[in-house]
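Open the model in a viewer and keep the residue selector at hand. The stops below are meant to be taken in order.

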Amino acid sequence: MRPEADRLLGLHGVELSPDREDSPQHRKTCEALAKAHITFYRLQDRHDEGDFSACDDAIRSLETALLSPKKTTTPEEPSAESGIMLVEAFEEMYREKSLDGSWKPKVAAMERQKFALFQAVIDPDGILPVQAVRAKHLTRYKAVLHLMPAGKGKKKEYRDLAIPDLLHIVEAGNIPAELRMETNTIRTYCQSAAAFINWAARHEYHDRPGITQLLQVKADRQAHEFRDPYSDGEISKLFAPEFFLTGGGRGKADSGGKPSRFWVPLLGLFTGARIEELAQLHTDDIVLVNHQEDARRVFTPGQPVMDAAAVREAEEAGETLCLFINTGKPYQRLKNVSSRRYVPLSPVPEHDLGFLNYAASVFQNAEQARVDKRTVPGDGRLFPELTRIKEADNFAHSLSKWFSPYRAKAGVVPQEGGGKKDFHSFRHTVARWCDQNEVPEKIAARYLGHSHDTMTYGRYSPEATAHRLYQHIAAGFGEYLRSLLDIEGLKAGRWSGGKP
């Protein structure tokens, strides 16, 4: 009963503490739900046997409760003076979530954008108190979302429209159905609005959080259907040397001379790491991890550079070469706490393609600049050409914009009725391989940076070690990919340190 009890409590804005399983109140709630289920199934059994008396009694009790005259009072509509205003409450929530780390800069910017639309729909004049938000407001907001264009900022005809002007077109029903938001996008907007109302209820700014149930949107596809993994043939197309090494057949060596366009897709393929996790990597994040999960850097300032032979010797002694996905630098961000992890490297990028040689050249360049007391782009980041204009930006922004048309030029496009095909599909490719090869879920979750919050394996069991991740996934998955790639052809790339 615990999952159902937690879901029902959450719908009513009850915030649960981490130690809820030890709470007498929570146990009583679960017991009450269990009794209700038992009563229901008993009634159902009697009904199936032709005994309708218990059902009739339940119906008569309900009729009595509904028809009996009761003294009721109609709640007054809150006035404009009845509490904190909508926009003021959001700013308070914005500050709170940003300060406690719940919202990273990019997430905070996206939530502000969603709230701007929410307010424009239900409070265009900026005079609505939070307490005055009612079911009719949420119903209208949800209806507007179903008529909104997808990717307003990407579509030329809507890009420069102010929200009020856009809403005028939207509410007139003038957005063609094929250009409207997808169901999953609508769900995210509704979830943000519901989260705001529930936050306001917890802060005693709103007294009817149950109305957020009106914002529920049924998914039109299963979760795994929104994005597809790459097939064997698509992987071969994406990394065909004659196409990949010229950035899409443009005749420019190595995609315009940018190492990120060579290494980030390859690392994404072999590790399943998120694009921003790879784009923000530093040479400090290449580590050797022993069986006790003690890590040491491969490149350390003031010490000789470990070459590929030295790393191979360390591996033979039992250490595992990994990318350390973490927040060790001020600019590094993670999606959640589960994202912090060691990701073992397959021998293919490490040895065959010479990733360590490339990383060593970046490290040595940064070290020489430090000795010469000068600055170099990136200051030791693995892909110094990837930059941010603002703190809220991602390092991977330009790379992501490049990869989408590159993928399409390679002939890798979503199938009609299928899910998306993008950089994130590399993660799905790894997950599919793990599933097909019966990799334990805890191991696969750790490799991909997902939480595994079962009581036994989530709370009491230690993390899967880098050595086990290598044995279960990196080694076998790397060999599977080796059979799909022209390794010798890729060695000819300008940024490959594994040239013959």
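In which loop is the place of Glu 438? Select the stretch between α19 and α20 (441-448): Glu 438 is in that loop. The model is a predicted one, so read every value below as computed from it.

**Two positive phi angles**

Stay on Glu 438 and check the backbone: phi is positive, about 55°, although the residue is not a glycine. With a relative accessible area of 71%, Glu 438 is exposed.

Next select Lys 373, in the loop between α17 and α18 (397-409). Lys 373 is not a glycine, yet here too phi is positive, at about 55°. The relative accessible area of Lys 373 is 79%, which makes this residue exposed.

**The whole chain**

Zoom out and colour by secondary structure. The chain contains 23 helices and 4 strands. Of its 500 residues, 43% are buried. Take the contacts between residues at least 6 apart in sequence: 70% of these join residues at least 24 apart.

**Aromatic pairs**

Now show the side chains of Phe, Tyr and Trp. How many aromatic pairs does the count come to? The count comes to 33 aromatic pairs. Two of the pairs are worth selecting.

Start with Phe 239 and Phe 426. Their ring centres are 6.1 Å apart and the planes stand at 40°, so this pair is tilted. Phe 239 sits in the loop between α10 (232-238) and α11 (241-244), while Phe 426 belongs to helix α19 (residues 425-436), so the pair ties together parts that are 187 residues apart in sequence. Are these two residues buried or exposed? Phe 239 is buried, and Phe 426 is buried as well.

Then select Tyr 358 and Trp 495. Here the centres lie 6.2 Å apart with the planes at 80°, so the pair is edge-to-face. This pair also links distant parts of the chain: Tyr 358 is in helix α17 (residues 355-371) and Trp 495 in the segment after α23 (487-490), 137 residues apart. Tyr 358 counts as buried at 6% relative accessibility. Trp 495, with a relative accessible area of 19%, is buried because the cut-off is under 20%.

**Charges over rings**

Keep the aromatic side chains on display and add Arg and Lys. Select Arg 112 with Tyr 94: Arg 112 lies over the face of the Tyr 94 ring, 4.0 Å from the ring centre. Select Lys 114 with Tyr 189 next: Lys 114 lies over the face of the Tyr 189 ring, and the distance to the ring centre is 5.6 Å.

**Ala 108 and its surroundings**

Move to helix α5 (residues 105-122) and pick Ala 108, which is found there. The relative accessible area of Ala 108 is 2%, so this residue is buried. Which residues is Ala 108 in contact with, leaving aside its neighbours within four places in sequence? The contacts are Tyr 94, Ser 98 and Trp 103. Draw a C-alpha to C-alpha distance from Ala 108 to Ser 98: it is 7.1 Å, for residues 10 apart in sequence.

**Helix packing around α6**

Keep α5 and add α6 (residues 135-145). The two helices pack at an angle of about 115°, with their axes 9 Å apart. Their crossing is right-handed. From α5, the contact involves Lys 114, Leu 117, Phe 118, Val 121 and Ile 122. From α6, it involves His 137, Leu 138, Arg 140, Tyr 141, Val 144 and Leu 145.

Now hide α5 and show α9 (residues 183-202) beside α6. The angle between α6 and α9 is about 155°, and their axes are 10 Å apart. These two helices are therefore roughly antiparallel to each other. The crossing of α6 past α9 is right-handed. Where they meet, α6 supplies Tyr 141, Lys 142 and Leu 145, and α9 supplies Ile 186, Tyr 189, Cys 190 and Ala 193.

**Last stop: Gly 83**

Finish in the loop between α3 (53-67) and α4 (86-99), which is the place of Gly 83. Gly 83 has a relative accessible area of 44% and is partly exposed. Add Tyr 205 to the selection: Gly 83 and Tyr 205 are 122 residues apart in sequence, yet 6.8 Å apart in space, C-alpha to C-alpha.

Definitions and conventions:
Residues numbered from 1 in each chain as written. Heavy atoms only, no water. Phe/Tyr/Trp six-rings, centres within 6.5 Å; stacked < 30°, edge-to-face > 60°. Buried < 20%, exposed > 50% of the residue type's maximum accessible area, 1.4 Å probe, protein only. Lys NZ or Arg CZ within 6 Å of the ring centre and 35° of its normal. Contact = heavy atoms within 4.5 Å. Axes fitted to C-alpha atoms, helices over the stretch in contact; angles between N-to-C directions. Parallel < 35°, antiparallel > 145°, perpendicular 65-115°, else oblique. Left-handed = near helix turned anticlockwise from the far one by under 90°.
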